[in-house]
Amino acid sequence: MDSNEFRKRGAEMVEYICQYLETLNERRVTPSVEPGYLRHLLPAEAPHEPEDWDKIMMDVEDKIMPGVTHWQHPRFHAYFPAGNSFPSILGDMLGDGIGCIGFSWAASPACTELETIVLDWLGKAIGLPDHFLALKEGSTGGGVIQTSASECILVSLLAARAQAIKRLKSQHPFVEECLLLSKLMAYCSKEAHSCVEKAAMISFVKLRILEPDENASLRGETLRQAMEEDELQGFVPFFVSTTLGTTGSCAFDNLYEIGQELKNFPGVWLHVDAAYAGNSFICPELKPLLKGIEFADSFNTNPNKWLLTNFDCSTLWVRDRIRLTSALVVDPLYLKHGYSDAAIDYRHWGVPLSRRFRSLKLWFVLRSYGISGLQKYIRHHIDLAKRFEQHVLKDKRFEVCNQVKLGLVCFRLLGSDKLNEKLLSAINESGKLHMVPACVNEKYIIRFCAVAQNATEEDIDYAWETIVDFANEILEKEQHDELSEIINQKKTHTLEKKRSFFVRMVSDPKIYNPAINKAGTPKVSLDMASPVAARGSNPVIRTQSSIDHNSWISWPLAFLFNSNDDNGQKSNVSLRFRHLDTNVRPSSSRRNSGAGSSPSPEADHAASSVVNIIKSPKKSPNLMRKGLSSNATNSNSNNQK
């Protein structure tokens with residue numbers, strides 16, 4: 001591609017980008033593809049021969065765009081804003097066109113000096129103390145552009161580690177550095193970004209994660225107690241990472257309290273991570289959120305989040321640049337130049353050697369919008385977040401879960417975490433909106449952030465209406481499932497009740513059979529008398545019904561014992577229990593018994609019924625049948641006597 005072709009295709013690309021951004025609302029905010037989708041659409045090997053540009057751009061639209069999550073979409077409300085603007089795009093385009101590698105002043109003086117100037121501009125606008133500004137008279141600090149907040153925290157921790165090892169080595173000159181390293185302890189809040197933990201892993205230092213208060217804010221007292229405990233255990237506190245505007249809920253650690261406590265722990269490096277919220281401090285009314293910055297040793301924020309600047313562009317300021325560079329300096333001969341002592345070499349300020357001309361796009365943005373334009377943009381996003389917060393507060397089925405100070409609103413349906421997971425999953429799967437969750441105070445919450453550059457109140461209202469529609473559907477389904485569960489529980493309870501009733505019915509027939517209830521259930525005494533000698537080999541035991549004991553005879557037998565035959569005569573049938581070697585026959589005599597009359601319960605209590613229980617010897621079935629007849633005859637004979 002020559003310059004003429006580049007002019008043509010460059011103009012086409014600018015048009016394509018404009019068309020893309022202007023028609024974003026017509027696209028699905030998140031792709032509906034599965035992992036590996038692109039592998040099946042593209043060849044397994046690179047083309048051997050050059051391909052036509054039009055064909056390449058056709059594949060961009062047909063194959064690449066279906067798999068893109070559109071961060072600039074007006075329905076995208078996840079994470080934090082992904083800064084973007086036409087001045088920034090043009091600045092990146094120019095930086096890519098120049099293509100310099102600005103690792104030192106000599107490698108590209110403009111690349112180095114513009115970065116220093118622009119970082120001072122932004123530092124002043126944010127309200128950083130003078131000792132963070134490189135060009136302020138008497139200052140030893142300065143700013144640098146890193147790739148991300150993760151890198152800012154890493155290089156700050158590395159600098160703090162180098163200072164701590166140097167201090168400990170001077171106190172214990174004969175102790176190995178690896179042993180000294182094992183004693184170092186860093187601190188952060190539970191709500192801090194995960195990159196703090198990763199930085200500790202890379203640096204081989206211990207990290208203690210502290211519990212914040214109910215507002216997700218790390219307090220000075222909590223930090224002090226932890227550091228004192230660790231000192232008693234022989235550890236050496238050396239680094240504290242605080243957060244202004246946490247990722248989960250945009251909470252603010254109490255920087256002023258922490259700074260005051262660290263006065264009693266000299267040598268501890270205090271870092272402030274304000275990746276998202278730090279940009280908002282250019283607004284005078286939000287500067288109180290920066291209270292305590294005078295105690296900090298380093299501070300970072302990301303213009304590529306909320307200052308309309310494309311990624312990557314994360315800015316870091318340090319109080320003392322010598323403490324930073326001494327931990328990272330490597331100075332081979334081929335990188336030295338004649339102005340090393342008079343100029344800044346940014347290769348000593350970070351992990352990578354090679355650096356892009358990133359200050360150009362930030363310079364373009366600051367000049368194109370001005371501080372007033374950027375303030376207006378930030379205030380507009382805060383107003384949109386407040387509008388969404390009001391929508392949530394008006395619906396009693398929802399709750400707001402954070403203090404809405406900037407552009408993030410954390411909310412949830414009143415109910416279980418599982419219910420909110422279902423809601424968010426349904427919304428994201430629809431492609432109408434995109435949000436992400438977080439866990440704050442052990443609760444599953446949904447994060448809603450105003451991110452699009454040109455977001456409007458209509459976008460916020462549409463988002464809320466969509467959320468409510470899905471919430472109605474989820475709650476209706478939950479109510480239906482709950483009703484089904486209640487019905488199933490009722491069925492189960494009814495079945496259990498029927499079973500219980502059957503058991504009670506078997507043990508006490510009065511509860512269901514009026515005839516038995518009227519006749520009354522005979523009561524057989526369990527008070528056994530002494531065996532009485534009788535004719536035959538089987539003992540006869542006489543029991544009294546007047547003693548108030550429940551019968552151990554099942555109700556069918558009791559009913560049979562109490563029933564009359566057709567002539568009004570009591571049944572005189574001798575029965576035998578299968579599970580006992582025992583024959584039972586009711587007494588044929590009853591006081592006040594008459595033909596055709598039914599005994600009353602009162603008569604039962606007044607009369608004495610006699611039940612003869614005759615022990616049967618264990619014999620063969622035939623002998624048992626004979627014995628039954630013989631025993632029944634003997635019982636009749638005895639009763640008559």
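Colleague: Leaving aside neighbours within four places in sequence, which residues is F388 in contact with?

Modeller: In this predicted model, F388 is in contact with V409, F411, F448, I460, W464 and I467. Contact here requires heavy atoms within 4.5 Å.

Colleague: How far apart are F388 and F448 in sequence and in space?

Modeller: The two lie 60 residues apart in sequence, while their C-alpha atoms are 8.5 Å apart.

Colleague: Why is F388 called buried?

Modeller: The cut-off for buried is under 20% relative accessible area. F388 has 0%, so F388 counts as buried. Its place is in helix α12.

Colleague: What does helix α12 give to the largest nonpolar core?

Modeller: That core has 67 residues, of which I126, F281, I293, F299 and L406 touch the most other members. Helix α12, residues 359-394, supplies eight residues, the largest share. At least three residues come from each of domain 1 (3-84) and domain 2 (100-331 + 339-356). There is also a second, separate core of 33 residues, with C152, L157, L328 and Y346 among them.

Colleague: Why do nonpolar side chains tend to be buried together?

Modeller: I can only give that as a general tendency of soluble globular proteins. For this chain, 45% of the 641 residues count as buried.

Colleague: What makes the pair E51 and K55 a salt bridge?

Modeller: The nitrogen and the carboxyl oxygen must be within 4 Å. The closest N and O atoms of E51 and K55 are 3.3 Å apart, so the pair meets the cut-off.

Colleague: Are E51 and K55 buried or exposed?

Modeller: Neither word fits, because partly exposed covers the range between under 20% and over 50%. E51 has 41% relative accessibility, so E51 counts as partly exposed. K55, with 42%, is therefore partly exposed as well.

Colleague: How do you know that R208 and E229 tie together parts that are apart in sequence?

Modeller: Their side chains meet in a salt bridge, 2.9 Å from N to O. R208 lies in strand β3 (residues 206-210) and E229 in helix α8 (residues 220-232), so the pair ties together parts 21 residues apart in sequence. R208 has a relative accessible area of 26% and is partly exposed. E229 is partly exposed at 40%.

Colleague: Where do E228 and R224 lie?

Modeller: Both lie in helix α8, four residues apart, which is about one turn of the helix. The closest N and O atoms of this salt bridge are 2.9 Å apart. E228 has a relative accessible area of 35%, so E228 is partly exposed.

Colleague: How many salt bridges does the structure hold, and which residues are linked in a network?

Modeller: The structure holds 34 salt bridges. D92, D96, D312, R356, R358 and K361 are linked in a network of them.

Colleague: What makes M93 eligible for a surface patch?

Modeller: A patch residue needs over 30% relative accessible area. M93 has 44%, so M93 passes that cut-off and is partly exposed. M93 is found in helix α3, residues 86-98. With V14 and L90, M93 makes a nonpolar surface patch of about 260 Å².

Colleague: How many helices and strands does the chain have?

Modeller: The chain has 18 helices and 15 strands. Among its contacts between residues at least 6 apart in sequence, 70% join residues at least 24 apart. Its accessible surface comes to about 33,800 Å², of which 55% belongs to carbon and sulfur atoms.

Terms used. Residues numbered from 1 in each chain as written. Predicted model: local features only at pLDDT ≥ 70, side-chain atom pairs only at ≥ 80, totals over all residues. Heavy atoms only, no water. Core = buried A, V, L, I, M, F, W, Y, C linked by side-chain atoms within 4.5 Å. Buried < 20%, exposed > 50% of the residue type's maximum accessible area, 1.4 Å probe, protein only. Helix = DSSP H or I, 4+ residues; strand = E, 2+ residues; numbered from the N terminus. Domains from an automatic or database assignment. Areas by Shrake-Rupley, 256 points an atom, 1.4 Å probe, with all protein chains shown as cover. Patch = residues over 30% accessible without salt bridge, like charges linked within 9 Å, V, L, I, M, F, W, Y side chains within 5 Å.
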